[in-house]
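Thanks, everyone, for making time this morning. I would like to walk you slowly through one model, and I suggest that you keep the picture in view while I talk.

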Amino acid sequence: MASRLGEKLPERQFSTASAGWGSAYDDRTMLLTEIDHVAIAVHDLERAISFYETAFGASVVHREVVERDGVEEALIKVADSYVQLTAATHDDSPVAKFLAKRGEGIHHIGYRVDDCAAAVESMVAAGATPIDTEPRPGSRGTTVAFIHPKGAFGTLIELVQE
Ligand code: CO
């Protein structure tokens, strides 16, 4: 949208009423409370940490090996969210396969919710396909469930309940 600063845009561009938005969802509670984390798959965790330290003055607030998922994570806090640098701990972990196929980059988005099971149920009702049908333990003592990118606009989603 090419608009100069201070230039008044036509009224209709800001109007939601005429677009018919919201009506079906007005009485629903928004389930997402925060972007919990953005997970970035990297080959070399130490190099990625060092990059974030150098570029941003960032420091790692939590580091954890999650054997079940075959990953080692380093969390960098940004306001009330995290950047989660994620490396594979073995060659046949899903993250290792992702790295082999797609290279380094954004792996998934973690959405923070108050009730993981309810959020899974709501996503499934909306047409999404769960990877975890039941919430399970995640890192940092959280409860999580992953939702398949197919059916979620190509984005691997992790629902995170603290
Ligand atoms: Co995650």
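Let us begin with L32, which stands opposite V113 in strand 5. I should say at once that this is a predicted model, so please hear everything that follows as a description of a prediction. Along with that pair, E34 has R112 as its bridge partner in strand 5, and the two strands involved, strand 1 with residues 32-41 and strand 5 with residues 105-113, pair in the antiparallel sense over eight bridges.

What does R112 stand opposite in strand 8? There R112 faces V160, and strand 5 and strand 8, the latter covering residues 157-161, run parallel and are joined by four bridges. For those new to the topic, strands of a sheet pair through backbone hydrogen bonds, either parallel or antiparallel.

Stepping back to the whole sheet, we have eight strands in an open arrangement, in the order 2-3-4-1-5-8-7-6, and the pairing is mixed. Strand 2 and strand 6, the latter being residues 136-137, are the edge strands, each pairing on one side only. Helix 3, residues 116-125, packs on this sheet and touches strand 5, strand 7 and strand 8, with its direction making about 15 degrees with that of strand 7.

At the strand 2 edge, residues 60-66 run antiparallel to strand 3 and are joined to it by six bridges, with V65 opposite E72. Four residues lie between the strands of this hairpin, and G70 there takes a positive phi near 65 degrees.

Now to the interior. Which residues touch the most other members of the largest nonpolar core? They are V42, A88 and V95, out of 13 residues in that core, and strand 3, strand 4 and helix 2 are the elements that give two or more residues to it. If we leave aside residues up to four places away in sequence, V95 touches A41, G70, V71, T86, A88 and H107. A second core, separate from the other, has 11 residues, among them C116, V120, V144 and V160.

Finally, consider helix 1, residues 45-56, where a small check is possible: at 1.5 Å a residue its 12 residues should span 16 Å, and because its end C-alpha atoms are 16 Å apart, the two values agree. This helix is hardly covered, since the count of buried residues among its 12 residues is one. After helix 1 comes G57, with a positive phi near 70 degrees.

Note on methods
Residues numbered from 1 in each chain as written. Predicted model: local features only at pLDDT ≥ 70, side-chain atom pairs only at ≥ 80, totals over all residues. Pairing = 2+ DSSP bridges. Core = buried A, V, L, I, M, F, W, Y, C linked by C-beta atoms within 7 Å. Buried ≥ 20, exposed ≤ 12 C-beta atoms within 10 Å, placed from the backbone. Contact = placed C-beta atoms within 7 Å. Expected span 1.5 Å × (residues − 1). Axes fitted to C-alpha atoms, helices over the stretch in contact; angles between N-to-C directions.
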